[in-house]
Amino acid sequence: MIDIRKAVVSDLDMIMKVEEEGFPSEIRESRKVFLDRLNEFPDGFFMLLRDGDVSGYFCCELWEKVPENTNDFFVGHDISKVHSKSGKVLYVSSWAILKKFRGTGYGKKYFEKCIDSVKKSYPAVSKLFLVVNENWTGPRKIYSDYGFNECGEIKGFFPDGSGIMMEK
């Protein structure tokens, strides 16, 4: 059985483990960034569970609008400068699952559960937004299946490719 629950500060070690397994060192978020996100918007930070065990994390932010300055999307951005509890744009800032759960269909289910949970708590959200590596076919399929469309590109966003901006 898969489930989600809100993350708490004591989850940071496990969040960092998932982050290290999920991303190359050049694009990993720091412990401080995750702590700031957790403190700033606890309603948007979830632990992903399978049979009660942590299998990943998901975090997002609420923005007033999609910023024109693409630097606001980069790894390590300061959530306090962009997050607004009254924001209408849900920005998926980061999420990952442990490798052993990839390709199982769990990622799609987790993603949907997390997005739906935030939208239920914040019904004013009218747009979803994220940036994904052009080479990450699995996540791109999850987003497309959920109704996201490509809306732009940020060249050099990732060390190995462009960032594809997607919205719904």
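Between which two strands does the loop that holds D51 lie? The legends below answer this and walk through a predicted model, one view at a time.

**View 1. D51 sits in the loop between strand 2 and strand 3.** Strand 2 covers residues 45-50 and strand 3 covers residues 53-63, with D51 in the loop that links them. Take a look at the backbone here: D51 has a positive phi of about 50°, although this residue is not a glycine.

**View 2. The whole chain has four helices and seven strands.** To find your way, follow the sequence from its start and you will meet the pattern β-α-α-β-β-β-α-β-α-β-β. The radius of gyration is 15 Å, close to the 15 Å that the globule rule gives for 168 residues, so the chain is as compact as a globular protein of that length. Along its principal axes, the C-alpha trace spans about 40 × 35 × 30 Å. Take the contacts between residues at least 6 apart in sequence: 64% of them join residues at least 24 apart.

**View 3. The surface of the chain carries both carbon and sulfur area and charged side chains come in two sets.** The accessible surface comes to about 8200 Å², and carbon and sulfur atoms account for 49% of that. There are 25 positive and 26 negative side chains, and the centres of these two sets lie 4 Å apart.

**View 4. The largest nonpolar core has 59 residues.** Of the 168 residues in the chain, 48% count as buried. Inside the core, the residues with the most contacts are Y57, F58 and F111. F58 makes a good place to pause: leaving aside neighbours within four places in sequence, its contacts include F45, F46, W95, F111 and I115. G44, L48, V92, S94 and C114 are also in contact with F58.

**View 5. L90 is a buried residue of strand 4.** Its relative accessible area is 0%, under the 20% cut-off, so L90 counts as buried. What surrounds L90? Beyond neighbours within four places in sequence, L90 is in contact with C60, E61 and L62, with I115 and V118, and with V125, K127, L128 and F129. For a sense of distance, find F158, which is 68 residues away along the chain; the C-alpha atoms of L90 and F158 are separated by 21 Å.

**View 6. D11 lies in the loop between strand 1 and helix 1.** Strand 1 covers residues 2-6, and helix 1 covers residues 12-22. Is D11 buried or exposed? D11 is buried, with a relative accessible area of 7%. Not counting residues up to four places away in sequence, D11 touches R5, K6 and M47.

**View 7. G105 lies in the loop between strand 4 and helix 3.** The loop joins strand 4 (89-97) to helix 3 (106-121). G105 is partly exposed, with a relative accessible area of 35%. Now find G138: the two glycines are 33 residues apart in sequence and 10.0 Å apart in space, C-alpha to C-alpha.

**View 8. N135 lies in the loop between strand 5 and helix 4.** Here strand 5 covers residues 127-133 and helix 4 covers residues 137-145. N135 is partly exposed, and its relative accessible area is 43%. Setting aside neighbours within four places in sequence, N135 is in contact with D160 and G161. G163 is 28 residues from N135 in sequence, and their C-alpha atoms are 9.0 Å apart in space.

Notes. Residues numbered from 1 in each chain as written. Predicted model: local features only at pLDDT ≥ 70, side-chain atom pairs only at ≥ 80, totals over all residues. Heavy atoms only, no water. Buried < 20%, exposed > 50% of the residue type's maximum accessible area, 1.4 Å probe, protein only. Contact = heavy atoms within 4.5 Å. Rg over C-alpha atoms; globule rule 2.2 N^0.38 Å. Areas by Shrake-Rupley, 256 points an atom, 1.4 Å probe, with all protein chains shown as cover. Lys, Arg positive; Asp, Glu negative; His and termini not counted. Charge placed at Lys NZ, Arg CZ, Asp CG, Glu CD. Core = buried A, V, L, I, M, F, W, Y, C linked by side-chain atoms within 4.5 Å.
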